[in-house]
Amino acid sequence: MQITEHIASLSEEGRLLAAAAEQAGPGASVPTCPGWQIRHLLRHTGMVHRWAAAFVTEGHTAYHPDGGEPDLDGAELLAWFREGHRHLVRSLEEAPADLECWTFLPAPSPLAFWSRRQLNETTVHRVDAESALGGPLTPVPAPRAVDGIDELLTGFHARPKSRVRSDKPRTLRVRAVDTAATWAVRISEDPPQTVRTAGEGSAEHADCELSGTAEGLYLALWNRLPLTAVTLRGDRAVARLWTDNSAVTW
């Protein structure tokens, strides 16, 4: 996806998140984040938006800590979230193509990194906000879902801090049936190694396969939908390795 598409989608996802949060109310439980209420979701996501925007606008070339979560609630918290989201979107829209700043995953450029990262961050938390309403979720288009799976498998879980490990080498295949994308995730004592292929995937043996729409896989791999939302073939214990250990924490 192009940077401009990421930013436009980020703008829409933030608006959807705020609308769902406003409808649910600050005290509503968030089923996809046990122990959280909407107020916790808004404080966290708003903090992340401001943290990301600071790298873009201030050009920090090394890690810079976040500013913490505010002691706000109700309408004041919602307004704070919306202002921070708009600031992030404007910061990305106005950033130069040759922006130089710190990033933490491989990307073609810092601007490409932060646009993509904040889109996926906001999309996942928009799903959290909508889950508090108990109704249907706003769909994630297949190309965006594939891009988000790529970031999760080849970015986040390629890092040393990934806890998806196994004493016995295992392979998890992820196949998006509505696209040509397939991923082979090789799990061992080291961080997972993921290779993306096209069509039905490589001929190598997979101990377990998760297949479904790109959107279903995206949300299931981010632990926003249960494994029953996709089709599982093979050793369920391999899938449990993922669901039990793949949570990305702040």
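Biologist: Where is R159 found?
Modeller: Happy to help, and please keep in mind that this is a predicted model. Look past helix 5 and before strand 1, which covers 170-176. R159 is found in the loop between helix 5 and strand 1.

Biologist: Which side chain of opposite charge is nearest to R159, and how far away is it?
Modeller: R159 is buried and has no salt bridge. A salt bridge would need a side-chain nitrogen within 4 Å of a carboxyl oxygen. Apart from neighbours within four places in sequence, R159 is in contact with F104, L105 and P191. The nearest side chain of opposite charge is E151, at 9.6 Å.

Biologist: At what angle do the axes of helix 5 and helix 6 cross?
Modeller: Helix 5 spans residues 142-155 and helix 6 spans residues 214-221. Their axes come within 8 Å, and the crossing is left-handed. The angle is roughly 35°.

Biologist: How do the residues of that contact divide into nonpolar, polar and charged?
Modeller: Helix 5 brings A142, A145, V146, G148, I149 and L152. Helix 6 adds A214, E215, L217, Y218 and L221. The residues of this contact divide into nine nonpolar, one polar and one charged.

Biologist: Is C33 buried or exposed?
Modeller: You will find C33 in the loop between helix 1 (3-24) and helix 2 (38-58). Leaving aside neighbours within four places in sequence, C33 is in contact with D128 and R224. Its relative accessible area is 11%, and buried means under 20%. Therefore C33 is buried.

Technical notes
Residues are numbered from 1 along each chain as its sequence is written. This is a predicted model: local features need pLDDT of at least 70, side-chain atom pairs count only at pLDDT 80 or more; totals for chains, interfaces and linings use all residues. Side-chain values use heavy atoms; hydrogens and water are left out. Axes are lines fitted to C-alpha atoms, for helices over the stretch in contact, and angles run from 0 to 180 degrees between N-to-C directions. Helices (H or I, at least four residues) and strands (E, at least two) are DSSP runs, numbered from the N terminus. A crossing is left-handed if the near helix is turned anticlockwise from the far one by less than a right angle, and right-handed if clockwise. Contact means heavy atoms within 4.5 Å. Ala, Val, Leu, Ile, Met, Phe, Trp, Tyr, Cys and Pro count as nonpolar, Asp, Glu, Lys and Arg as charged, and the others, Gly among them, as polar. Buried means under 20% relative accessible area, exposed over 50%, partly exposed in between (1.4 Å probe, protein chains only). Lys and Arg count as positive and Asp and Glu as negative; His and the chain ends are not counted.
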